[in-house]
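Visitor: I would like a tour of this model, and I will keep asking what lies behind each label. Could you start with the overall layout?

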Amino acid sequence: MITRRVALKTVTLTAGALALGPKRLFAEGGTPENGSATGGTYPFKVPDLPYAYDALEPYVDAQTMHLHHDKHHAAYVDNLNKALAEAGGTYQSMTAETLLLNLHLLPEKVQTVVRNNAGGHLNHTLFWPMLKKNEGGRPAGELRSAIDGTFGSFDAFQQQFSEAATKVFGSGWAWLVLDAGKLEITTTANQDNPVAKPREKELSLLGLDVWEHAYYLKYQNRRPEYVKAFWNIVNWDYANQRYLQLKS
């Protein structure tokens, strides 16, 4: 049963998402060709990688990037488009984010498919520009100050984020989010996105995909090694841009 509180929250968040629009939700320099951080609208498309497949080596290998982007992300898009073709109507004008905020309004037969695949599309659309080979670089500017103020130091943040990512049971994501103006580390299962959590709207600044398809070819069952390698490919400039845009 949908409570009045949940219904009001959904209406508020959806209106906010639509009002923010692509420029607010997606920092400059990483905008996918098909629209925004919300992943565009139907028919959804897989955004191009903002770098070559081998650009993140040796930390993430080219074969993994091919499979991750061209196969896994593409599968989420294909399945989402099929579900929305079946649902029809106004649902086809919604972004991936808006769909996730309004799952209860969709036909019941497509709700789970849309949740899984709109989430997968949104998560990966956010994920690709969050990566850039930087050989252990660290954040600067206001984001660095916010991290120090929230977690005590960058090293403390890095340790907490790494622990969260390593401890995700099964498949999922670890996130650095902006929640009501404050930084927070959180995790989601499967392809859920923080924006659809049942409390405040959490806006992602940084995410790490810990599904096995993101690392298994190179790291096998050694997820901690993959998480450690991740710190060499974080696009901190992009994360700082998102922070500056989303905090206002």
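Guide: Gladly! From the N terminus on, the elements of the protein chain run α-α-α-α-α-α-β-β-β-α-α-α. That gives 9 helices and 3 strands. Please keep in mind that this is a predicted model. Of the 248 residues, 52% count as buried, and among contacts between residues at least 6 apart in sequence, 69% join residues at least 24 apart.

Visitor: What makes helix 2 and helix 4 oblique to each other?

Guide: The axes of helix 2 (residues 62-87) and helix 4 (residues 108-127) cross at roughly 140° and come within 8 Å. Angles over 145 degrees count as roughly antiparallel, and 65 to 115 as roughly perpendicular. The crossing angle of roughly 140° fits neither class, and therefore helix 2 and helix 4 are called oblique. Their crossing is left-handed.

Visitor: Which residues of helix 2 and helix 4 meet there?

Guide: From helix 2, the contact includes His 68, His 73, Tyr 76, Leu 80 and Leu 84. Among their counterparts in helix 4 are Val 110, Val 113, Val 114, His 121, His 124 and Phe 127. By class, the residues of this contact divide into 12 nonpolar, 9 polar and 2 charged.

Visitor: Why is helix 5 called roughly perpendicular to helix 6?

Guide: The axes of helix 5 (residues 141-151) and helix 6 (residues 154-167) cross at roughly 75° and come within 8 Å. The perpendicular class covers 65 to 115 degrees, so helix 5 is roughly perpendicular to helix 6. Here Arg 144, Ile 147, Asp 148 and Phe 151 in helix 5 meet Phe 154, Ala 156, Phe 157 and Gln 160 in helix 6. The contact of helix 5 with helix 6 has 5 nonpolar, 1 polar and 2 charged residues.

Visitor: How many aromatic pairs does a search of the whole structure find?

Guide: The search finds 16 aromatic pairs. One of them joins Phe 157 and Trp 236, and it is edge-to-face.

Visitor: What makes the pair of Phe 157 and Trp 236 edge-to-face?

Guide: The two rings lie 6.4 Å centre to centre, with 70° between the planes. Rings pair if their centres lie within 6.5 Å, and planes over 60 degrees apart count as edge-to-face. Both values meet those cut-offs, so the label follows. The pair also links distant parts of the chain: Phe 157 is in helix 6 and Trp 236 in helix 9 (residues 236-246), 79 residues apart.

Visitor: Why is the pair of Trp 231 and Trp 236 called stacked?

Guide: For Trp 231 and Trp 236, the angle between the planes is 10°, and the distance is 6.4 Å centre to centre. Planes under 30 degrees apart count as stacked, so this pair earns that name. Phe 157, Trp 231 and Trp 236 also belong to one aromatic cluster, together with Phe 151, Phe 154, Phe 161 and Phe 230.

Visitor: How do you know whether Phe 157, Trp 236 and Trp 231 are buried or exposed?

Guide: Buried means under 20% relative accessible area. Phe 157 has 0% and so counts as buried. Trp 236, at 5%, counts as buried, and Trp 231 is buried with 7%.

Visitor: What about Ser 204: is that residue buried or exposed?

Guide: Ser 204 has 2% relative accessibility, and therefore counts as buried. Its place is in strand 3 (residues 202-209). Not counting residues up to four places away in sequence, Ser 204 touches residues including Leu 126, Met 130, Trp 175, Arg 242 and Leu 246.

Visitor: Which backbone features deserve a look?

Guide: Most residues other than glycine have a negative phi, and most peptide bonds are trans. The peptide bond from Tyr 42 to Pro 43 is cis, with omega near -10°, and another cis peptide bond joins Glu 57 and Pro 58, with omega about 5°. Pro 43 is found in the loop between helix 1 (4-25) and helix 2, and Pro 58 is in the loop between helix 1 and helix 2 too. Glu 135 has a positive phi, near 50°, and lies in the loop between helix 4 and helix 5.

Visitor: Why is Glu 135 called partly exposed?

Guide: The relative accessible area of Glu 135 is 46%. Buried would need under 20% and exposed over 50%, so Glu 135 is partly exposed. Gln 220 also has a positive phi, about 50°, and with 30% relative accessible area Gln 220 is partly exposed.

Note on methods:
Residues numbered from 1 in each chain as written. Predicted model: local features only at pLDDT ≥ 70, side-chain atom pairs only at ≥ 80, totals over all residues. Heavy atoms only, no water. Axes fitted to C-alpha atoms, helices over the stretch in contact; angles between N-to-C directions. Helix = DSSP H or I, 4+ residues; strand = E, 2+ residues; numbered from the N terminus. Parallel < 35°, antiparallel > 145°, perpendicular 65-115°, else oblique. Left-handed = near helix turned anticlockwise from the far one by under 90°. Contact = heavy atoms within 4.5 Å. Nonpolar A, V, L, I, M, F, W, Y, C, P; charged D, E, K, R; others polar. Phe/Tyr/Trp six-rings, centres within 6.5 Å; stacked < 30°, edge-to-face > 60°. Buried < 20%, exposed > 50% of the residue type's maximum accessible area, 1.4 Å probe, protein only.
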